[in-house]
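I'm opening a fresh page for a chain I haven't looked at before. The plan is to start broad, then go through some helix pairs and a few single residues.

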Amino acid sequence: MKLKLDNKVLNICEIFFFAAILIPFYFQGQLYSPFNFEGQPFGRPTENVLSAYNLLLNKNFGIPCSDLGNIDTRHDFISKGGKCYLVNEPFFMFYHVPAIIYGLIGDSINVFYSLLVLSNAAITSLCLYVFSLILKKMGFRRKTVLIGTALFGFGAGLMIYSRLIFVHTVNLLLFLALLNEYLKKEKSSQNKILLFASLMTLNRLVSFLIIIPILYKTFKKSSRKKVFLKKLFFIFILVNSPRLIWNLALTGNPLIDPHFINMESTSTLFSILPKWVRAPIFDAHNYMTEEGMIMPHAIYSFADLSKNGLFLKYHGIFYALFSSDGIIFNSPFLILSLIGLIKMWNEKKELDVFAYIIVINLLIFSLDYKGGFGPRYARFYFPTLTLIMIFSLKGFESSKKSAILFIILAILSVTNNVSLAVRTDWFYENSMDLFSSDLVIFPYIPVKETLAKHDINFAGPEKLLWTKSSSCLPREFFEGFQLDVCECKEPASIRKKVFIPENTDSMVLSYCSGSAGGDGLNLTVKIGEKEIQTFIKSSQCEKKEISLQDIKLGKEQLVIIEPAIIGICQDESILLTSISFK
């Protein structure tokens with residue numbers, strides 16, 4: 001059957017494409033062309049570009065860790081044999097054919113990056129067109145299809161990600177193609193459904209959970225269920241064989257994603273651990289910068305840790321939708337999805353499948369929600385965004401009053417999202433959990449003390465009492481202090497007078513270290529007049545005993561902890577979690 005192209009929808013896609021590649025970035029007071037790789041802010045898009053360029057130039061997935069400069073390798077890379085391997089999105093470049101062709105014959109990273117930008121913008125523009133096909137299959141009027149297509153690109157975050165080299169734009173296109181085939185209601189679409197589903201899991205294995213409702217409904221409607229399952233298994237294994245080999249090479253297990261090896265925290269539905277509240281105004285412990293700005297990690301806690309409860313980690317879902325980085329907050333016209341949801345409930349149009357996809361998507365990516373400003377993590381919720389868009393357009397069509405409100409909110413959404421696509425320096429993240437946004441399930445849960453009386457837990461209120469180096473301010477995370485000497489010219493350190501108990505032989509530091517260029521780092525610990533230097537291995541979470549010989553016990557001593565560089569300065573960081581005495 002010949003595909004009929006809608007010229008007006010094509011015009012919207014073309015305008016989106018040229019806007020995505022021509023509007024410059026604003027970063028650190030300067031405007032940068034999307035085609036100039038030099039000067040781009042470090043982050044996962046930069047890592048993706050460098051990893052893809054290295055693969056094509058050197059025919060090797062691993063980048064020499066020394067070539068990564070100031071890029072933080074702790075979360076996104078696994079270090080093996082002096083080389084760093086990207087764990088998040090190793091296969092994203094396979095979809096950018098022009099860049100691959102150039103990478104095999106050329107050597108300019110700016111040209112390579114420019115081709116990636118063009119390719120990524122083209123893929124995102126194609127997302128708009130497939131979305132228009134879905135709207136037509138859902139029975140929307142032509143005017144609504146055109147408005148919805150334009151808003152999907154300019155008012156719902158896609159403009160931002162069309163300019164950042166992530167795999168999520170590719171995965172969105174695959175999800176839209178999958179949804180489009182599912183809505184065709186034709187038996188001939190089954191093979192395409194299985195193919196698109198398998199390609200989604202190649203990029204991100206966890207995507208399989210999100211699309212289970214579509215696969216299940218397709219399976220139920222299949223007249224040859226055993227054949228369907230065999231096809232699913234065969235296509236899934238065939239498409240995912242590169243992923244399984246990649247997992248095996250880096251983790252020793254084909255089913256373990258390397259990304260989860262480097263995760264700092266575990267994702268749990270319920271939590272009894274002490275939580276902290278980010279303080280809106282908090283200067284009691286000198287958490288003000290020289291410019292008078294509140295530090296993003298300024299926190300306070302309940303002094304009595306035993307007064308805790310059982311909390312459902314609900315805040316991730318709420319924040320993913322309604323916080324300053326939530327998809328509905330940044331695209332306020334999506335609030336009309338509530339009206340559209342009621343309308344779809346009455347029409348019974350695919351609401352069950354859509355609802356299951358939204359719930360699964362929100363649950364999977366919200367348990368370990370990170371936060372930030374702007375739609376920082378909207379890319380994880382593209383399936384939810386797509387379906388909420390459909391609900392919103394249903395609300396738009398429901399009445400003239402809702403249409404007027406929709407137009408006003410749509411204008412705000414477009415100005416916000418296009419502005420955020422320009423101001424890339426407004427994107428940051430804050431890994432603090434927000435205590436006050438969780439749902440209380442039970443009012444009191446006693447917390448068992450795991451440390452002795454004089455031991456120090458940097459995950460607790462104790463961190464507020466330590467003096468931080470002013471020229472290189474240590475970062476504060478839920479787990480403790482992070483000291484990184486590569487981020488400043490001066491050493492990062494913490495200090496405080498600590499009571500050294502009698503009848504103790506050693507002080508035990510618990511910590512996790514960064515990659516440190518693969519050669520470790522030195523840690524200097526000063527206790528009173530005594531200075532001890534100890535070697536810390538790269539990428540390790542362990543405990544280090546420091547002898548207290550010749551230290552006066554039973555009294556307070558000034559303790560100073562300060563890391564130092566060995567060899568190349570790359571991620572010479574250490575996360576201190578506790579100090580105990582034995």
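**Entry 1: the whole chain**

How many helices and strands does the chain have? I looked this up before anything else, and I got 17 helices and 21 strands. A reminder to myself: this is a predicted model.

Next I checked burial. Of the chain's 582 residues, 52% count as buried. For the outside, I noted an accessible surface of about 27100 Å², and carbon and sulfur atoms hold 63% of that surface.

I also looked at how far along the sequence the contacts reach. Taking contacts with a separation of 6 or more, 74% of them join residues 24 or more positions apart.

**Entry 2: helix 1 and helix 4**

On to helix pairs. Two numbers describe such a packing, the angle between the axes and the distance between them.

I picked helix 1 (residues 7-22) and helix 4 (residues 109-137) to begin with; their axes come within 9 Å and cross at roughly 155°. Which way do helix 1 and helix 4 run relative to each other, parallel or antiparallel? Angles over 145 degrees count as roughly antiparallel, so helix 1 and helix 4 are roughly antiparallel to each other. I wrote down the handedness too: helix 1 passes helix 4 in a right-handed crossing.

Then I listed who meets whom. From helix 1 I have Val-9, Leu-10, Cys-13, Phe-16, Phe-17, Ala-20 and Ile-21. They meet Val-117, Leu-118, Ala-121, Ala-122, Thr-124, Ser-125, Leu-128, Tyr-129 and Ser-132 of helix 4. Sorted by class, this contact has 13 nonpolar residues, three polar and no charged.

**Entry 3: Ser-162, beside that pair**

I followed up with Ser-162, which sits in the loop between helix 6 (158-161) and helix 7 (168-183). Is Ser-162 buried or exposed? Its relative accessibility is 1%, so Ser-162 counts as buried.

What does Ser-162 contact once its neighbours within four places in sequence are set aside? My list reads Phe-16, Ala-20, Val-117, Asn-120, Ala-121 and Thr-124. I recognise some of these from Entry 2: Phe-16 and Ala-20 are in the helix 1 part of that contact, while Val-117, Ala-121 and Thr-124 are in the helix 4 part. For Asn-120 I checked the backbone as well: its C-alpha atom is 5.9 Å from that of Ser-162, although the two residues are 42 apart along the chain.

**Entry 4: helix 10 and its two partners**

Helix 10 (residues 212-221) came up twice in my search. With helix 8 (residues 190-203), it packs at an angle of about 155°, the axes being 11 Å apart. That makes helix 8 roughly antiparallel to helix 10. The crossing of these two is left-handed. Helix 8 brings Gln-190, Ile-193, Leu-194 and Ala-197 to the contact, and helix 10 brings Ile-214, Leu-215 and Thr-218. By class I get five nonpolar residues, two polar and no charged.

The other partner is helix 11 (residues 225-251). Here the axes come within 8 Å and cross at roughly 145°. Helix 10 passes helix 11 in a right-handed crossing. Leu-215, Thr-218, Phe-219 and Lys-220 of helix 10 meet Lys-225, Phe-228, Leu-229 and Leu-232 of helix 11. This contact splits into five nonpolar, one polar and two charged residues. I marked Leu-215 and Thr-218 in my notes, as they appear in the contact with helix 8 and also in the contact with helix 11.

**Entry 5: Ser-51**

Another serine I looked up is Ser-51, found in helix 2 (residues 44-58). Its relative accessible area is 6%, so Ser-51 is buried. Beyond its neighbours within four places in sequence, Ser-51 is in contact with Ile-63, Phe-77 and Leu-86. I also noted Gly-62, 11 residues along from Ser-51, with 7.6 Å between their C-alpha atoms.

**Entry 6: two positive phi values**

Last, the backbone angles. Most residues other than glycine have a negative phi, and I went looking for exceptions.

Asn-503 has a positive phi of about 60° and is not a glycine. Where is Asn-503? I found it in the loop between strand 15 (494-500) and strand 16 (506-513). With a relative accessible area of 76%, Asn-503 is exposed.

Asp-550 also has a positive phi, near 70°. Its loop runs between strand 19 (541-547) and strand 20 (555-564). At 72% relative accessible area, Asp-550 is exposed.

Note on methods: Residues numbered from 1 in each chain as written. Predicted model: local features only at pLDDT ≥ 70, side-chain atom pairs only at ≥ 80, totals over all residues. Heavy atoms only, no water. Axes fitted to C-alpha atoms, helices over the stretch in contact; angles between N-to-C directions. Helix = DSSP H or I, 4+ residues; strand = E, 2+ residues; numbered from the N terminus. Parallel < 35°, antiparallel > 145°, perpendicular 65-115°, else oblique. Left-handed = near helix turned anticlockwise from the far one by under 90°. Contact = heavy atoms within 4.5 Å. Nonpolar A, V, L, I, M, F, W, Y, C, P; charged D, E, K, R; others polar. Buried < 20%, exposed > 50% of the residue type's maximum accessible area, 1.4 Å probe, protein only. Areas by Shrake-Rupley, 256 points an atom, 1.4 Å probe, with all protein chains shown as cover.
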